[in-house]
Amino acid sequence: MIHSHNQTAKPKVKLNGIEYLLLSIQSNPGKSQRWHLKRKHMYQHGYSDYHKGGTGCGYFISPSYRNILWRDHAPLDVEFPCWVPSNRIFKGGHGKGLRSKSAKMHLTASGWKRANQVRTKLGLDPIPFVLAN
């Protein structure tokens, strides 16, 4: 008997947002935050993010994750108005910060370790840590 839902199409292990982003950045280092967020949204909801990757941007500005699990390796060359820049770099005093035109996300050593824990959870082999350029 054929059912409308296919049991084999459903993953046996459901990843949360952090776990998905860790694996995504580990597998695709140097891609932008939006690139990773668009794919996370598709994984979690099954349809495209209508905000072009803007949904879930809190993962990349949170001090709990940024520069702890992942880091932006793009040059900080764009000035923008802000009160608390996520990278804590102010330009010309408070109220102005610096950011990259397009992020190039890489995992830190602790982020790589956590990504390998997720790989183990999925039954995959860990990947040795490689320093980002």
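Modeller: Let's agree on one term before we start: a salt bridge is a side-chain nitrogen of Lys or Arg within 4 Å of a carboxyl oxygen of Asp or Glu. Please also keep in mind that this is a predicted model.

Colleague: Thanks! Which residue meets the side chain of Glu-19 in a salt bridge?

Modeller: Side chains of opposite charge can pair when their charged atoms come close. For Glu-19, the N to O distance in the pair is 2.8 Å, and a salt bridge needs that distance to be within 4 Å. The partner is Lys-121.

Colleague: How many residues apart in sequence are the parts that Glu-19 and Lys-121 tie together?

Modeller: Glu-19 belongs to helix H1 and Lys-121 to helix H4, so their pairing links parts of the chain that are distant in numbering. The separation in sequence is 102 residues.

Colleague: Is Glu-19 buried or exposed?

Modeller: Its partner Lys-121 is partly exposed, at a relative accessible area of 39%. Glu-19 has 13% relative accessibility, and the limit for a buried residue is under 20%. Glu-19 therefore counts as buried.

Colleague: How many salt bridges does a search of the whole structure find?

Modeller: Glu-19 and Lys-121 form one of them. Arg-66 and Asp-72 form another, at 3.8 Å from N to O, and both of these residues are buried. The search of the whole structure gives a count of two.

Colleague: Let's turn to the fold. In what order do the elements of the protein chain run from the N terminus on?

Modeller: The chain has four helices and four strands. Reading from the N terminus, the order is α-α-α-β-β-β-β-α.

Colleague: Which element gives the most to the largest nonpolar core?

Modeller: The core has 17 residues, and Leu-22, Ile-25, Phe-60, Trp-70, Met-105 and Leu-107 touch the most other members. At least two residues each come from helix H1 (17–27), strand E4 (105–107) and helix H4 (109–121). With six residues, the top contributor is H1.

Colleague: What is the relative accessibility of Phe-60?

Modeller: Phe-60 sits in helix H3, and its C-alpha is 7.2 Å from that of Gln-33, which is 27 residues away in sequence. Phe-60 counts as buried, because its relative accessibility is 0%.

Colleague: Where does Asn-67, with its positive phi, lie?

Modeller: Asn-67 is a residue other than glycine, yet its phi is near 65 degrees. At 35% relative accessibility, Asn-67 counts as partly exposed. Its place is the loop between helix H3 (58–61) and strand E1 (70–72).

Colleague: And Pro-81: what distance separates its C-alpha atom from that of Gly-95?

Modeller: Pro-81 is part of strand E2, residues 78–82. Its relative accessible area of 70% passes the cut-off of over 50% for an exposed residue. Pro-81 and Gly-95 are 14 residues apart along the chain, and their C-alpha atoms are separated by 5.5 Å.

Colleague: One last topic, the surface. Which residues form the positive surface patch?

Modeller: One member, Lys-38, is in helix H2, which covers residues 33–45. Lys-38 is partly exposed at a relative accessible area of 39%, and patch residues must have over 30%. The full set is Lys-31, Arg-34, Lys-38, Arg-39 and Lys-52.

Definitions and conventions: Residues numbered from 1 in each chain as written. Predicted model: local features only at pLDDT ≥ 70, side-chain atom pairs only at ≥ 80, totals over all residues. Heavy atoms only, no water. Patch = residues over 30% accessible without salt bridge, like charges linked within 9 Å, V, L, I, M, F, W, Y side chains within 5 Å. Areas by Shrake-Rupley, 256 points an atom, 1.4 Å probe, with all protein chains shown as cover. Lys, Arg positive; Asp, Glu negative; His and termini not counted. Charge placed at Lys NZ, Arg CZ, Asp CG, Glu CD. Buried < 20%, exposed > 50% of the residue type's maximum accessible area, 1.4 Å probe, protein only. Core = buried A, V, L, I, M, F, W, Y, C linked by side-chain atoms within 4.5 Å.
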